[in-house]
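Biologist: Before I rely on the labels in this model, I would like to hear the reasoning behind a few of them. Please take them one by one.

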Amino acid sequence: MKPLLEYELITAESNFRPITLAEQPMFASIPIEKTEPDPNHRRHWMFATDNEKILAHVYKPDYILKKFKDTVVPVYARSYGLPNLSKDGITRVAKTLIYHTFDYLLFHELFHPVFLPKSEPDKERFDVALKNGIKRAEPHLKDPDVVNKAGNSRNAMWDFFIDTFFFYLSQPENTYGRHFKRIFVQNNETLESITLKALPDGIITAWDVIELADNKPQTLFYPITRGIYSLLFSNSGLLRESVFTYFNDKIKDKIQSSELRNTIITSLSNAVKYLDQDALRRLAIDRNKFIDAITELYDNMGNAKTASVHQYIVKAITEIGMRPEFRYASVGGIIEPLSKYIDINKEERRDGAYIEDQEGQGSEQTSPTQSGGGAEEVLQSLINQNDPDLDNILSSVANDQTQPRTNRRIRLSNLAKDQYYKKNAKEISIRSPITEAVEINLGFRKVPVKINELLLTQDQLYNLPFERLYQFQLETGIQCLFQLSDYQYRYDIYEWKEEPIRDFTYTKSGIILPDNIIFRVDGSGSMLNPGGAEFVGSKSRYDCLMHVLYGITKSTVKAAREMNKQVSVVGVNYSSSGKTKVSQPVELQMFCETPNNNCKGVLLNPGCGSTYHDISAYQAAYKDLRPGKTLDITIADGDLDSSHDDSIAEYRKILAKPENTGLYFPIFQEGRFALRMKLLTKEKSNLVYRPFLNFNELQAAATDLIIQYARAAERFGKA
Amino acid sequence: MSQENQQTRTIEYIANELLAKGLTKDQIIRKINEAGFLATLEGVSKVLGSRVTPTSLYRIEYDTTNNNLDFKFLEGKGKPPKANSVDVDVTDNVIASLSGKKIPILFEGITGTGKTYTLEQVLDAVYHIDNRRILRLNANMSNVLQPYINGQIENGALKIYINRDAARDILALLVDEENRGDTNAVIGLLDSQVTLPSGERVNLGPLIPQLDINGKSVNVYFDEEKIKSIAVYGAQNPSTASYSGTRATDGAVGNRQLKIAYPNMAVNSGSATINMDAAESNGHVEFIDFYVKQLSKYLGVNLDTLSKLLKPTDSSEEEKRRANSEYLSLHTFAFDPKNIRNKFIKSAVEGADHIINLTGGDGLAQNLEDDLGVAEEWTETLRSYGVDFIYNVSFDPTSEVIKKVDAVRSTFGEPLIERDKTKAIKNAEALALIIWYKQAYANARELGTSPLDEFAQLRSPLTLKDIACAYAIVLNDKMQRKNGASPITVINQAFKDYVTLYQDFATRVYQEPKTFNIHDPDMSIRYLASYMAVSSIKNENKLTPDEYAKKMIVAVNNTSAMLKTLDDGNDTRKLLIARINADLASLAGFIHEYRRELADSFNKVPQNATEVLPRYNALKDLVEKARSDVRTNYTLPRVERTFGI
């Protein structure tokens, strides 16, 4: 037996294909992935896209049907002129509305890659516009919260524009609407007694009606924007008012009707607030007329006479939103009055309207392309667009210590820290003095080589390739055909052969990278004064240490790329007892490119306690390393609070292996433990001890040590 | 066959018969062309019916409601016929290529699928063995040009020269196993030429008989310069590891031919070939028999008389040669490319231009920049007129739509070149011809009418559909690797961009909704724009050159401004707008440069307030004339395509 609602989904797809072929040929064959029902799934359905395919997953068709029957049909039926439906009639209407909701949802997903966001730069500029709008609306909001709000509302704002486009284009007199009309008439589509020549009115909001059927809205943003939806996405005044009332009922105890009115009217009016006269002229929009139309529509939403203003508004927003050069200014205005309602901690979007397991909230980032949540993406957008406020935002977000420290906040902070140091840390250039001669191939040349010799009689001459022989003779001056006697000829056969042209040149060499690098850093309180955990840009020792670490990483990554070598990086962050953190090994390129990999998570989040070396951390850092050479670097600014003997013993074990090299760098001062390490160098030739009075000296020496570590002892062994 | 040996009595006889029926010279030529074509087609079908399974290649379906082209590669799988669609098979392609301009076709497919066999059967049917050649290339090349050259050794030095009679004897050439030999040796043959290293050259093919009618007197003569190019076909296996003797096709050879993937029909034809006649009889004799019968029917001439001319009256070699010569003269005359030259209507020219823009050039962003630059520079030059053609556009080369277009472009082995465009034009003509005759036979069967009458009625100027289908084939041929992207999506995108832009533009101009009609010869954005420019001076007379120029250039500028407002955010549409805008700016520039000549022309045209066309045609004539002037303005091609020239 076929799953419930499978027929509706397949029929919706059969409508989708020819329309897409006609209107968006480049996307005509976009795959639509369906799935089997899953009663245990968290969601009842999921519609989403990754731009390569559309996911149309219906997990709980029974639930969906029930919700449509119980909630959607009662809200919609009267305005369709179907007030007294029988039980079977309700089921039929529900299934029809579900079918057409699928129609809408498939196009909604298609419209993401087609219209918004249609590219990465488009997405980024949209994010910047949102951030600016939120900042204008709430100038006292901390930057991390601005970023969070922008990230939490971006999906909803994409959807707002896309749904406006779809509503406009699917009107019977417009392109998609004409296609639907043709299909529905051809197939005799009906909604009970009504012959359908267009999608059922208000179909866009059906999803949201069932989303709020059982779930109380946690913030006001979603229901307020659904109020906007009900205003814009119904042609019938009766339905508009019915759906608006439905959403309003969900929040009327939380927001005054006057505030709601003001918010919605201002939000929609602001669609033109930041468009200049030239833009408005190009769009053929009159600013005052538009604003008046909004007010009239809201105040008379149930009145059929608002049809023309309604159409005007929808068309105007469509014209604005379709054009990237106008949509950013527009969304920045639209979000302003909505800003205060946006949740700081949670994304405000239709649940089930995104691909799960991609959000990355709290989970380790294992690839550069694994997306973070919306807030991270917004921050990344600000970085890529080089937002004028970027430095302040980065340091502010990096140092954000708002409690509770959720995974989301930590990830965002790590991203900001990572970007801050990538932007500001000076790269240290790689020096390599050794050059050697290497052979190079300049190409090939063709030379004629004799491969055979034939003796021919006169009658056999006929088949010779005369014109080729003639050409060959002209090119080479070599005679191929000889008359030996009256009756005999000799034919020499030549073949062109390629031979290489060789030369040599000098290249720089001598860069030797280890297979593994371990950074052991001191994350104690002394390293973090002043500022504590808010160390980014504070000029504390840890801030300086991060500049050094990133400077080293930049040049080491370059060397690794040139040599096509993979290097594992491990971070160990010492703090108070039991709080030492040891990362998993992360490949150097990954370490560099991703802000939230395991190793960065350790290095960017010091414990701010005492200087205690957990003994287990010594060997733990060696777990899962690559076979080969390991460079173990320790940087500390003071003495050790834990047992010196135990730590020295661990170092001995590490240095007992000839493939390991240790570097110990005391900064600013040499404590007693440091002096014991200095003594250890007399026994262990693979240990280098070098104190540095300041970070500049460390910076200058560090990269050389990594790339020439085989000669480290030779270069730096003597303090 | 030398000129003096070519027999033309058949042509004279037919021409006299038709002249007696009151037909004009052009009508006679057209009638012989159409009747000859259908008679050839039916003759080939008769012979091949029992020997060759039809091998379906493409289905062309045009949805007039959506203005959507659906072009499918059938890969040998026959489908039930469908309304508004035409299926094209291998034989159609071969016959269409025989009938008109040279389209060297290369069939590539795995061994044993019937590529060579099918081609041989078609050529055997249409031509006597002396008039077609089959070359089998291999690594130890024998002299591919040997039939056309003579050589001897004099004092150890080779002396070779061209055999001109042999060059005139050949009408078709099949190069088998093309990529197993040195394909550079066949480059000349693909161009229908033999060129010796000494520089001596001859064009291969028969002389085309020329018809002259003076009153009631019919004269058929030959012009040494008018030669019908030979039809060249190639067959080869793909250059993959399983065919170790094959090589990759050289670019210069590859882009001279249209490569068609030859499908494996074994399963699709199934056991239908079990009882197929394995060519026991002489295909050409059977063909001539049927050809003569059909020809006499279509031309309305006496069958006996025609038979005596075209078939040998006895078994002597001399008589066979004579009859063959008559046939070849008639065949060559009927298939003179000049008689089947087709014009493309304006929207076809415009739509093709957008396809070229989306698939050619160094990149879409570069193409856009070039067009924007032209508009900007003309704005600067024409500053004194107070115009502004500058198009401030925000184009996103990273948008998903553009990425998909780029994905198609990235599969091309080489960029789009002039030769590809020429191939597309010739293919469009061939496809149009195929569609016409298929439709003609379907109508004739349905209505009980004559295929010839149906065919004559269906012939019309070529449309955007024809050129779009042709580009689908040409661009598919250019794909060197498959990445899931199909050039048909780009063609449909171009189609959609053009049709919707036209509709939006025309709706603005006419102030009422306008729907695109693919057959309307006057539907074209550039045509509308140039028409409006001339319309701006329709009530004016005896103006100075500067006055004419000012009015017209301002009108063009207004049109440009209107066009730019139609930017709806769609990136491929922006490319189209930018290109048309740059062309309009170039038109304005042309008006400025040629304002004196324009004023002279306009002032000569009798002024009629209701008629714009005479002055429009005067402008168009000036553009055509400017092509022959010493070049000072290299944006003239932009103006030419405004007029569909």
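The turns below go through some labels used for this predicted model.

Biologist: What makes strand β8 of chain B mostly covered?

Modeller: A residue is called buried if 20 or more other C-beta atoms lie within 10 Å of its own. Five of the five residues in β8(B), 172-176, are buried, so the strand counts as mostly covered by that cut-off. Ala172(B), Leu174(B) and Asp176(B) point one way and Leu173(B) and Val175(B) the other, all of them buried.

Biologist: How do you know that β8(B) pairs with β5(B) and with β13(B)?

Modeller: Pairing requires at least two bridges, as found by DSSP. β5(B), residues 132-136, shares five bridges with β8(B) in the parallel sense; β13(B), residues 231-236, also pairs with β8(B) over five bridges, in the parallel sense. Both pairs therefore pass the cut-off. On the β5(B) side, Arg132(B) is opposite Ala172(B), and on the β13(B) side Ala235(B) is opposite Asp176(B).

Biologist: How do you know that the span of helix α12 of chain B agrees with its number of residues?

Modeller: With 14 residues (346-359) at 1.5 Å a residue, the expected span is 20 Å, and the end C-alpha atoms are 20 Å apart, so the two agree. Just after the helix, Gly361(B) has a positive phi of about 80 degrees.

Biologist: Why is α12(B) called largely enclosed?

Modeller: Because 13 of its 14 residues are buried, the rest of the structure largely encloses α12(B).

Technical notes: Residues are numbered from 1 along each chain as its sequence is written. Chains are lettered from A and ligands numbered from 1 in the order in which they are written. This is a predicted model: local features need pLDDT of at least 70, side-chain atom pairs count only at pLDDT 80 or more; totals for chains, interfaces and linings use all residues. A residue is buried if 20 or more other C-beta atoms lie within 10 Å of its own, exposed if 12 or fewer, and partly exposed in between; C-beta atoms are placed from the backbone. Helices (H or I, at least four residues) and strands (E, at least two) are DSSP runs, numbered from the N terminus. The expected span of a helix is 1.5 Å times one less than its number of residues.
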